[in-house]
Structures are given as structure tokens and as C-alpha cells.
Amino acid sequence: MPAPSAFASSGPVTTFGASNGSLAATLPGGASGAVFIVQSASQPATPELTRLPAPSNLAQFQIVASESAGAAPMAVARSTDAIAQAHRALALDGFRELPPATIGVERALEALPQLRRPLSTLARSAKANLGDRRSFKVLYVPIGGALNANLGSACPNPVANYVCYVNVSATLQAISQHAYVWVDDAALADPAEFPDASYFTAAATNFDRYFAIETQAFGPAFAPANVTQYGQCDANANPLPQNAYGPVPDLTGTDPHIHVLITDVLTQNGEGGYFYSGNLFPQGMLNCTAIPRPVSNELPLLVIGGDRNPAIAGVPLHNPQYWLATDMPRALAHELQH
């Protein structure tokens, strides 16, 4: 298979095309071995993974390397079963990590009746000040649908007809150019978890750095959004009159901040952080969808784990320096990309 157009070789790398399904090359003089790399498209394409629960007709690729110098030939097969298993795992784990068109939120809204014309409802302001407190709805869904033996699996305080979530009380601890950093009040109550407020300032500073890099690479973080063409419902899915509709989240960048919640709730489901596009919609709209209905915090939000590890033998409960230098930075950068 020909190399992709963006591929550039350097050093002792040889790129060559396909001929009747076979590849051939000669090792440089003095070389003792070689590595053959074959690139192919995903089967099926990645956006379809969540629509195919257990793809079984995936292509299998066989790679055979042989030497004319008399060494025994080697063979490596890319297993169909392994591919299918990886696709199923991605479909489960990616629920909160994909844009709304790919997970079920936008498809659920597509089934709702649309209004004749957009409403003039004002966007909800997300501006906040240091010391503010508020409650967040944090999804409580295990990764891959199952938890290990050290973690609990039941939904705490389930709310009928809605996905499992936990109410988290948090306080705004830091504000930067593009981040509102909220911290779980339960984490703040444990002085061993975060020794001082500099940890939250560091999170805000890191976020600004990633924001500049990633928006340059992937595009603006905000854009005019109009989701007011859909109706809204009460908690029992009864349609509301238009004068009772709640405002939509402001995604225009009028307030150029993204909310970051640091919480220990994620310790219970084995997750390091998540982005969930349901938070970009009014709760009233999501109330009209099928059971179990999504929940929304009605603002652009990233949720990342705090400095609290599961109760596993040999693992310290808190490791502030590891959280500061490794865990928090990688979680922030990863979730912002989504």
C-alpha cells in the first residue's frame, strides 16, 4: 500500500508502493533486520463505531516477511477478533468523549419536534467570581460498563428516568483567561489532598497554555450556536409553553471561559476525566428525550479527577505532586481536545 501523502521518511527508512498485493525491498548492506509497517483504513470507519455494537465482518490483514539469506520466514496476523473487541470497547468508553452527533444526545434531539422559528431566548451567562459555590451534576457511569473489584458499582441516589449522576457541591478557586476552576468541597475539606491553593492556580495556568495551543491547531473553542429551535419539557417530559423555556447555554465566547470541575467522585468509577456534550444543551430540551434522559449543567464544562486514589493496597490515598505534574496536566489537555 502506498504511504500516505503526509509521510516523510528520514534516516534508514525506505518507502515503497504495492504491487499485486505484495511489497518487496532489499535490506541496506550490513543491516541485521528490518521492520515492515503497513497502514490501512479502519474497518469500519471510526465514526461508525458507536453505531455497530459488535462488528464481526472486519477485514483481517496478513503480513509475511521472508528473507532470501536463508533465515526462516516470520508471519504476523492482525486478528479480526481483537479488532472487533477494540471497536466494542471504544464504543463503550467513548460515550462522553465524542461530539453530540456521535453519542446519542444530538440524535435524541433530532427525534423531537422543531419549532417554526427560533426563539429570542437569551443565552444563559456563565460568568462567575472567586468564592462562588454551585452544584454540578457529575456522571457516574463505569468505564466500559464494569468496575474492578475495588470500586463500587451501584448508582448512589439514583434519579428516576435519568442517567446516573451525583450532585457535587464545589467552590470556584481560580480564574484565568480561559478557565474557571471549581473544586469539589469534599476535596477542599481534606488538607492532605491539596496542600494549598497554588494547585488550582497551576491548573488554570496550564489550561490557558493548552487553550492557546489547541485552538490554534483545531479551531475556535466557541461558535454561535442556536439550539432554541427545539421544544422544552418539564421533568416528567410534559411539553412546556414557550414562555416557560429556560435559556440556552452561552457558547458564543461572550464569556471566554470554560468551566473545569475537579472532583473526587471520579475515583469511584475508575475515570480520570471526561467531556460530555450534553452539558451544552438546556436541561429542558433533554427532558423531552427518551428514558434514561441525559442531564446537563448548561455550560461548557470539563470534569477531571482530584488527588484521591482508590483504596487499593500499595497505592497512596493522596499524591499531590503526581497530580500537579502528571495527572492534572494530561487530563486537562486531553479533555479540552474533545
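At 35% relative accessibility, N161 counts as partly exposed, the label for anything between buried (under 20% relative accessible area) and exposed (over 50%), with a 1.4 Å probe and protein chains only. N161 sits in the loop between β4 and β5, and its phi is near 75 degrees, a positive value in a residue other than glycine. The model is a predicted one, with local features needing pLDDT of at least 70 and side-chain atom pairs counting only at pLDDT 80 or more, while totals for chains, interfaces and linings use all residues. Residues are numbered from 1 along each chain as its sequence is written, and side-chain values use heavy atoms, leaving out hydrogens and water.

Now for the sheet. Six strands form an open sheet with mixed pairing, in the order β4-β5-β6-β8-β10-β9. Strands here are DSSP runs of E with at least two residues, helices are runs of H or I with at least four, and both are numbered from the N terminus; two strands pair if DSSP finds at least two bridges between them. β4 (133-139) and β9 (273-275) are the edge strands, each with a single partner, so one side of each has no neighbour in the sheet. From one strand to the next, the twist averages 30 degrees; angles run from 0 to 180 degrees between N-to-C directions, with axes as lines fitted to C-alpha atoms, for helices over the stretch in contact.

As for individual pairs, β5 (residues 165-175) and β6 (residues 179-184) run antiparallel and are joined by five bridges, with A174 opposite V181 in β6. β8 and β10 also have five bridges, but in the parallel sense, and T263 has G305 in β10 as its bridge partner. On the other side of β10, β9 runs antiparallel to β10 over three bridges, and Y274 stands opposite V303. Five of the five residues of β10 are buried, so this strand is largely enclosed by the rest of the structure. Both of its faces are covered, with L301, V303 and G305 buried on one side and L302 and I304 on the other.

Next come the helices. α4 has 21 residues and spans 30 Å from first C-alpha to last, close to the expected 30 Å at 1.5 Å a residue; that expected span is 1.5 Å times one less than the number of residues. Among the buried residues of α4 are Y199, F200, F207, D208, Y210 and E214. Their cover includes β5, β6, α3 (185-188), β8, β10 and α6, where contact means heavy atoms within 4.5 Å. Just after α4 comes G219, with a positive phi near 115 degrees.

The stretch around α5 (residues 283-286) has a few details of its own. Q283 lies in this helix and is buried, with a relative accessible area of 12%. Leaving aside residues up to four places away in sequence, Q283 touches K137, Y162, P294, V295, S296 and E298. The side chains of Q283 and K137 share a polar contact of 3.5 Å, meaning a pair of N or O atoms within 3.5 Å; within protein, one must be able to donate a hydrogen and the other to accept it, and residues adjacent in sequence count only if both atoms are side-chain atoms. E298 is in the loop between α5 and β10 and counts as buried at 18% relative accessibility. Phi of E298 is near 60 degrees, again positive in a residue other than glycine. P292 lies in the loop between α5 and β10, and the peptide bond from I291 to P292 is cis, with omega near 0 degrees.
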